[in-house]
Structures are given as C-alpha cells and as structure tokens.
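Here's a quick tour of the model below. Have a look at it first, then read on.

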Amino acid sequence: MAIALRRHRRSLIALLCLLGCAPLLARTPARIDQRTYPVDLANATDLRRSLSAASPIREGGRVYHGYTRWFVRWRSVWRVDNGLCRMQRVSTEVDIEFTLPKATRLPHDHASQQRYTDYLKALRTHEQGHADVAMQAAQQIKRALMAVPPQPDCDQLSATANARGHAIIEQARANERAYDDRTGHGRTQGAFLD
C-alpha cells in the first residue's frame with residue numbers, strides 16, 4: 001500500500017509540475033550574462049601588459065583576459081504506466097556568463113586600436129567556443145535522459161537519469177580543457193598579443 005501511495009504521490013507531483021511549471025519549461029534554453037572589466041588603454045605601451053594588469057581573471061597562477069562560466073540544469077517529467085516509471089519529457093536550461101575586457105579609453109594610435117579590436121573579436125570567438133560546449137552538453141542531456149529505459153521505481157529512474165546528466169557534464173568539462181589545449185587558450189584563433 002505504501003509503495004502504491006508513493007507512486008501516486010509522484011504522479012501527482014509530476015502532474016502539478018506540468019501544470020505549474022509550464023512557464024519554466026517554455027523558457028529559452030540559454031540565459032546569457034555579459035560581464036566586463038574596465039581597462040584604460042589610452043597611454044598603454046604594451047596592450048597585453050595593460051590587459052593583464054586590469055583583468056580580475058586568475059586561475060592556476062595565470063592571468064586570463066576572457067572567461068566563460070556556464071551551468072546546465074535539467075528537469076525531467078515521468079509517469080507511472082503498467083507498473084513502470086517512464087520518462088515523459090526532459091528540458092534543459094543553460095546559464096552562460098562571459099567576462100571580457102572593455103576599454104574605457106582606446107589607445108591614441110590607429111594601429112594599437114586595430115590590434116585591440118582584432119584581439120577582442122578573437123577573444124570573443126574563443127569564449128563562444130566554451131559556450132558552445134555547454135549548449136552541446138544540454139542537447140546531449142536531453143537525448144540521454146529521454147533514452148533512460150523504464151524502471152520499476154521512479155527513484156531509480158531519477159537516479160539513473162541524473163547519473164547520465166552528471167556524466168555528460170563531466171565530459172563537457174573535459175572537452176573544454178581539450179578545446180583550450182587545442183587552441184592554446186585561443187591563440188590559434190587569433191586571441192593573442194605579443
């Protein structure tokens with residue numbers, strides 16, 4: 001009897017979520033936050049040094065001029081049918097936060113202005129690559145969770161689905177490290193100043 005009540009309660013919760021959470025599930029899959037840090041380049045004789053001095057991004061003893069932070073969330077809706085708990089729907093949301101420099105004053109000479117503009121464009125391209133990894137992970141999570149086979153217990157279905165989601169996130173983090181290694185943290189994409 002207790003098992004039947006638990007299953008009924010889970011079905012009711014899933015139904016209420018479908019009714020009450022519909023606006024949450026209908027959101028766009030990515031929320032993007034663009035953050036900047038100020039850098040004064042008006043009297044800069046060395047753009048790289050000026051950007052490094054202004055950058056708040058420090059990791060592993062190194063200074064970076066750009067950074068992308070992301071987080072993927074997933075929600076799943078299931079139902080009990082013929083004694084088995086089955087996945088009905090999966091939705092994902094991705095939060096992406098870019099941090100990039102913003103010149104409060106540009107260098108006086110045209111050549112330095114152009115170098116900064118080209119560098120910033122390449123840096124944005126590189127950081128977008130990190131965001132793309134997150135978006136790909138969100139799509140993989142949707143597919144992987146929908147493929148979870150029916151389980152005799154909804155707790156087991158949820159645990160299996162979450163384990164798959166977390167494994168995909170771990171793989172995405174590894175893909176990001178490989179992306180940075182392959183591009184030299186954007187160097188091969190033009191994001192470098194000598």
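## A histidine in helix 4

Let's start with His130, which sits in helix 4, the stretch covering residues 110-146. Keep in mind that this is a predicted model.

Is His130 buried or exposed? Its relative accessible area comes out at 6%, so with the cut-off for buried at under 20%, His130 counts as buried.

## Who His130 meets

Leaving aside residues up to four places away in sequence, His130 touches Thr68, Trp70, Glu176, Tyr179 and Asp180. Glu176 deserves a second look: the side chains of His130 and Glu176 are joined by a polar contact of 2.7 Å. Along the chain these two are 46 residues apart, yet their C-alpha atoms are separated by 6.3 Å.

## The strand 4 and strand 5 hairpin

Over to the strands. Strand 4 (residues 67-81) and strand 5 (residues 84-105) run antiparallel, joined by 15 bridges. One pairing to pick out is Ser76, whose bridge partner in strand 5 is Val90.

The two strands make a hairpin with two residues between them. In that turn, Asn82 has a positive phi of about 55°.

## The whole chain

Zooming out, the protein chain has five helices and five strands, and reading along the sequence gives the pattern α-α-β-α-β-β-β-β-α-α. Of its 194 residues, 37% are buried.

Take the contacts between residues at least 6 apart in sequence: 70% of them join residues at least 24 apart. As for the surface, the protein chain exposes about 11,400 Å², with carbon and sulfur atoms supplying 54% of that area.

How values were computed
Residues numbered from 1 in each chain as written. Predicted model: local features only at pLDDT ≥ 70, side-chain atom pairs only at ≥ 80, totals over all residues. Heavy atoms only, no water. Pairing = 2+ DSSP bridges. Helix = DSSP H or I, 4+ residues; strand = E, 2+ residues; numbered from the N terminus. Buried < 20%, exposed > 50% of the residue type's maximum accessible area, 1.4 Å probe, protein only. Contact = heavy atoms within 4.5 Å. Polar contact = N/O pair within 3.5 Å; in protein donor to acceptor, adjacent residues only side chain to side chain. Areas by Shrake-Rupley, 256 points an atom, 1.4 Å probe, with all protein chains shown as cover.
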